[in-house]
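I opened this entry to record how the chains of the model meet. I took the interface before the sheet and the helices.

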Number of protein chains: 2
Amino acid sequence: MNRQESISDKKEHLKSFIKTKGLKSTRQRDIIVTEFLKTEGHVTAEEFYRKINRRHKNIGFTTVYRTLKLLAESGLAAEQVFADNLTRYESLLGEEHHDHLICQKCGSITEFKDNKLENMQVKIADELGFQILNHKMEFYGYCSNCRK
Amino acid sequence: MNRQESISDKKEHLKSFIKTKGLKSTRQRDIIVTEFLKTEGHVTAEEFYRKINRRHKNIGFTTVYRTLKLLAESGLAAEQVFADNLTRYESLLGEEHHDHLICQKCGSITEFKDNKLENMQVKIADELGFQILNHKMEFYGYCSNCRK
DNA sequence: CATAATTTTGAAAATGAATTTCAATTTCTT
DNA sequence: AAGAAATTGAAATTCATTTTCAAAATTATG
């Protein structure tokens, strides 16, 4: 399955989500969703609106904002808040859960995943009688470029 | 060293911090700091202001807010933001770093610490060339009471 | 001790991201 | 094609947080 197919899969996913919820599919939503699924990294609603707005002057911030929320609800995007307290959205193009390394110098956000670590987390929580539904793990510091 | 001594130690710590910074010590700050160091758990500025305000009608929200910031700056309190996006303060009465379990039913916040986990985190970051200055780990789910 | 210099206080205003409102428009259904 | 229902987007609102500013308190200095 190549990346292109994956994107159309996701669009199908959203279409059925929209239908189930009794929502309507619109020109704006199509554009925003298509753009978003092609976007790498983590964007704020504001940032993403500016990107959309370059080519589509008639799509407003509110619609971008609402569509990102919709994507998050449908499971196609992850909504995340890091130390700067801004809400960011990340496309979940078939990606699994992962955690983040946030560089405090250049602001870059890198992803990582470690199964041993994840297993350990579940085990620890279990010992404490806590049932984990989801978790958040972020490392703040200097990335390999900036620590030099 | 009993708890009472520990508190006065902390107050000394803050006094010298205040002096170094060229700040002044005031009646309000004294009251707020004393109350805070006796407080268990994680409070928002608003919550803590309401608590202070019960006995001290003449201490304003802004002063409580600013004093909590001061405590955080001086290292006597930890400033934390969980999933509800409110800023909370936690007294660091000689406590080491720890992470949090947040119950999504009752809202309770429990602390835990696991050295193996911490070591593993450093190791993983190291392998990625990332230098960790601090990290954040939160588990969201159901606490032992609420999972029943 | 007094007075000058500086900081603090606290009510009110400002900020800013997130969210909601509402009239006009678009989409879907029949 | 027309009615019902959802969407759009500019503007307004919300709400926690932060700043402002004049009056008061504290500390340093003569």
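**Interface between chains A and B**

I note at the outset that the model is predicted.

In β6(B), I looked up the bridge partner of A:Met137 and found B:Met137. Farther along the pairing, I recorded A:Tyr140 opposite B:Asn134 in β6(B). I then took the strands as a whole: β6 of chain A, residues 131-142, is joined to β6(B) by 11 bridges, and the two run antiparallel.

**Contacts**

I looked up the contacts next, and found 29 residues of chain B in contact with 29 residues of chain A. On the side of chain B that touches chain A, α5 (115-127) and β6 (131-142) each supply at least two residues. The largest share of that side, 12 residues, comes from β6(B). Sorted by class, the side of chain B holds 16 nonpolar, 9 polar and 4 charged residues.

**Sheet**

I traced an open sheet of 6 strands with mixed pairing, in the order β5(A)-β4(A)-β6(A)-β6(B)-β4(B)-β5(B). Its edge strands are β5 (109-112) of chain A and β5 (109-112) of chain B, each pairing on one side only. I recorded an average turn of 25 degrees between neighbouring strands, direction ignored.

**Helices on the sheet**

Which strands does helix α5 of chain A touch as it packs on the sheet? I found β6 of chain A together with β4 (99-103), β5 and β6 of chain B. The direction of this helix makes about 125 degrees with that of β6(A). For α5(B), I listed β4 (99-103), β5 and β6 of chain A together with β6 of chain B. The direction of α5(B) makes about 125 degrees with that of β6(B).

Conventions. Residues are numbered from 1 along each chain as its sequence is written. Chains are lettered from A and ligands numbered from 1 in the order in which they are written. This is a predicted model: local features need pLDDT of at least 70, side-chain atom pairs count only at pLDDT 80 or more; totals for chains, interfaces and linings use all residues. Two residues are in contact if their C-beta atoms, placed from the backbone, lie within 7 Å. Helices (H or I, at least four residues) and strands (E, at least two) are DSSP runs, numbered from the N terminus. Ala, Val, Leu, Ile, Met, Phe, Trp, Tyr, Cys and Pro count as nonpolar, Asp, Glu, Lys and Arg as charged, and the others, Gly among them, as polar. Two strands pair if DSSP finds at least two bridges between them. Axes are lines fitted to C-alpha atoms, for helices over the stretch in contact, and angles run from 0 to 180 degrees between N-to-C directions.
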